[in-house]
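Trainee: I've got a structure open on my screen and I don't really know how to start reading it. Could you walk me through it?

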Amino acid sequence: MIRERVDTGHTSYDIVIGTGLLARTGAFLQELNVKAASRHLIITDTNVQAAGHLAPVLSSLEAAGYRADVFVIPAGEASKRLALAEEAFEFAYEKGLDRHSVVLALGGGVVGDFAGFVAAAYMRGINFVQLPTTMLAQDSAVGGKVAVNLSRAKNIIGAFHQPLAVLYDIETLHTLPLRERRGGYAEAIKHGIIRDAEFFDWMKTHTAAILQNDPAVLPELLARSCRIKAEVVSADEREQGLRAILNFGHTLGHAVETLAGYGRLGHGEAVAIGMVAAARLSVRLGYCSAETAAEVEAMVELAGLPTRIPNNLDTDELISSMQKDKKATGGTLTFVLLRRIGEVEIVKEVPPEQVREVIAATREG
Ligand SMILES: NC(=O)c1ccc[n+]([C@@H]2O[C@H](COP(=O)([O-])OP(=O)(O)OC[C@H]3O[C@@H](n4cnc5c(N)ncnc54)[C@H](O)[C@@H]3O)[C@@H](O)[C@H]2O)c1
Ligand SMILES: O=C(O)C(=O)C[C@@H](O)[C@H](O)[C@H](O)COP(=O)(O)O
Ligand SMILES: [Zn+2]
């Protein structure tokens with residue numbers, strides 16, 4: 001079992017990575033002093049339930065003397081919406097959840113963001129525990145960004161609400177489709193690019209094994225990736241500065257994901273395209289060499305992720321979406337640009353015409 005820790009100064013928690021953890025959820029809640037007198041709420045999605053990951057959590061809670069209700073959301077990005085969160089609030093209230101209740105987010109990034117948002121707002125904030133079940137969740141379960149979307153903007157209604165703990169049972173990855181494993185891997189690649197060239201090189205030589213869920217490499221991948229995320233979040237919980245580096249590939253990535261229509265491209269796939277474009281923009285603006293950008297693109301290709309912007313997405317709409325990105329000020333464009341593998345820089349007021357050129361050069365063939 002591996003333990004990483006987030007410590008933001010006013011809150012701290014463990015990220016536990018290992019096997020068989022879901023079947024020990026109840027015991028973990030006892031360690032965390034979660035009260036058995038209150039009712040608790042598991043939020044999961046239809047695919048995670050069908051894959052059999054809900055049953056061990058329910059059994060272990062019962063064995064530890066906890067009573068929990070289950071709220072199942074439809075699988076997919078479209079579930080990250082306010083109307084569904086309202087249904088979850090009504091459900092929680094009907095079931096009698098109180099301020100000592102805990103929300104358990106059992107699923108990928110969609111469930112984590114949604115359930116975390118519900119926990120952040122219910123009774124002005126109750127505790128939640130992340131039980132991630134996707135490769136992507138090495139990123140999403142850590143750091144306390146919780147949110148739902150608007151139809152034309154990602155993660156726009158949300159909060160910073162840190163979990164009580166992250167319990168990452170890597171056995172859940174065995175039921176995860178390959179496309180989703182690739183998508184989640186994009187965020188691990190991002191962590192290497194922004195912070196750790198040696199980790200990036202390690203991934204280059206271990207990609208095949210990682211995508212095959214090889215138990216000899218998976219724990220190391222997840223631990224190294226989570227550690228990078230934990231370090232950045234611990235240093236800057238509320239994204240006053242440094243934390244924005246975690247948004248590498250996301251300025252264009254979020255615009256592509258949104259305009260493609262939620263669910264058409266996965267988050268990691270859109271971020272993969274965004275990383276290729278951000279690297280090319282970095283070359284164009286003189287931040288890094290063409291060889292460095294080529295390394296990013298080669299890695300994205302090696303992971304079997306898309307590198308090109310779909311032709312049906314309009315450039316003006318992409319630009320206008322990016323101008324409303326959360327990192328933007330006054331409608332100008334903010335990008336995280338690449339200096340070299342392992343080092344990025346947050347750059348404000350990037351000229352839109354340069355971005356247009358990069359978009360044009362990064363279209364599907
Ligand atoms: N809060 C953050 O810091 C943060 C970071 C990165 C991404 N995100 C968000 O995360 C979301 C993407 O997360 P994701 O890629 O995990 O998507 P997801 O939660 O939609 O999961 C991907 C698919 O896999 C299914 N699934 C999940 N676990 C499974 C398992 N073990 N076996 C079989 N099927 C399983 C899901 O039902 C879904 O169909 C986006 O909304 C993104 O904005 C948030
Ligand atoms: O945790 C962060 O900070 C990140 O930027 C991680 C991203 O991978 C993630 O997609 C996040 O939800 C994006 O945040 P947003 O503030 O741009 O919505
Ligand atoms: Zn992301």
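Trainee: Let's start with a ligand, then. How many nonpolar, polar and charged residues are in the shell around ligand 1?

Mentor: One thing before we count: this is a predicted model. To read a shell, you sort its residues by class. Around ligand 1 you get 18 polar residues, nine charged and eight nonpolar.

Trainee: Which residues come nearest to ligand 1?

Mentor: Look for Asn47, Ala75, Gly108, Gly109 and Ser140, which come nearest out of the 35 residues around that ligand. Next, trace the shell back to helices and strands. At least two residues each come from helix H2 (46–50), helix H5 (109–121), helix H6 (137–140), strand E8 (153–160), helix H7 (178–195) and helix H11 (267–284).

Trainee: And which domains does the shell around ligand 1 draw on?

Mentor: Domain 1 (2–175) and domain 2 (178–361), with at least three residues from each.

Trainee: OK, now ligand 2. Which residues are around that one?

Mentor: Find Asp139, Gly143, Lys145, Lys154, Asn155, Glu187, Glu239, Arg243, Leu246, Asn247, His250 and Lys326. Sorted by class, that shell has seven charged residues, four polar and one nonpolar.

Trainee: Why does ligand 2 lie between the two domains?

Mentor: Check who supplies the shell. Domain 1 (2–175) and domain 2 (178–361) both give residues to the shell around ligand 2, so this ligand lies between them.

Trainee: Let's do the domains themselves. How far apart are the centres of domain 1 and domain 2?

Mentor: Taken over C-alpha atoms, the centres are 26 Å apart. In the contact, 29 residues come from domain 1 and 29 residues from domain 2. On the domain 1 side, strand E1 (2–7), strand E2 (12–18), H6 and E8 each supply at least two residues. E1 gives the largest share of that side, five residues.

Trainee: What classes do the residues of that domain 1 side fall into?

Mentor: You'd count 13 nonpolar, nine polar and seven charged on the side of domain 1 that touches domain 2.

Trainee: My viewer also shows arrows. How do I read a sheet?

Mentor: Here's the general idea: strands of a sheet pair through backbone hydrogen bonds, and the pairing is either parallel or antiparallel. In our case there is an open sheet of seven strands with mixed pairing, in the order E1-E2-E9-E6-E5-E3-E4. E1 and strand E4 (67–73) are the edge strands, each pairing on one side only. From one strand to the next, the twist averages 20°.

Trainee: Which strands run parallel, and which run antiparallel?

Mentor: Let's take two pairs. E2 and strand E9 (residues 165–169) run parallel, joined by four bridges. Within that pair, Val16 has Leu167 of E9 as its bridge partner. E1 and E2, by contrast, run antiparallel, with six bridges between them. There, Val6 stands opposite Tyr13 in E2.

Trainee: What sits between the strands in the hairpin of E1 and E2?

Mentor: Four residues, and in this hairpin Gly9 takes a positive phi near 105°. Compare the hairpin that joins E7 to E8 through two residues. Strand E7 (residues 145–150) and E8 run antiparallel, joined by five bridges, and Leu150 stands opposite Ala153 in E8.

Trainee: Which strands does H5 lie across?

Mentor: Strand E3 (39–45), E4, strand E5 (102–107) and strand E6 (127–132), and H5 runs at about 170° to E5.

Trainee: Last thing: where does UniProt place its domain features?

Mentor: In an unreviewed entry, UniProt puts "domain: 3-dehydroquinate synthase N-terminal" at residues 71–180. Over those residues the chain is 30% helix and 31% strand, with end C-alpha atoms 23 Å apart. UniProt also lists "domain: 3-dehydroquinate synthase C-terminal" at residues 184–328, again from an unreviewed entry. That span is 66% helix and 0% strand, and its end C-alpha atoms lie 25 Å apart.

Definitions and conventions
Residues numbered from 1 in each chain as written. Chains lettered and ligands numbered in written order. Predicted model: local features only at pLDDT ≥ 70, side-chain atom pairs only at ≥ 80, totals over all residues. UniProt positions renumbered as here; feature names shortened; annotations may be inferred. Near = placed C-beta within 6 Å. Nonpolar A, V, L, I, M, F, W, Y, C, P; charged D, E, K, R; others polar. Domains from an automatic or database assignment. Contact = placed C-beta atoms within 7 Å. Pairing = 2+ DSSP bridges. Axes fitted to C-alpha atoms, helices over the stretch in contact; angles between N-to-C directions.
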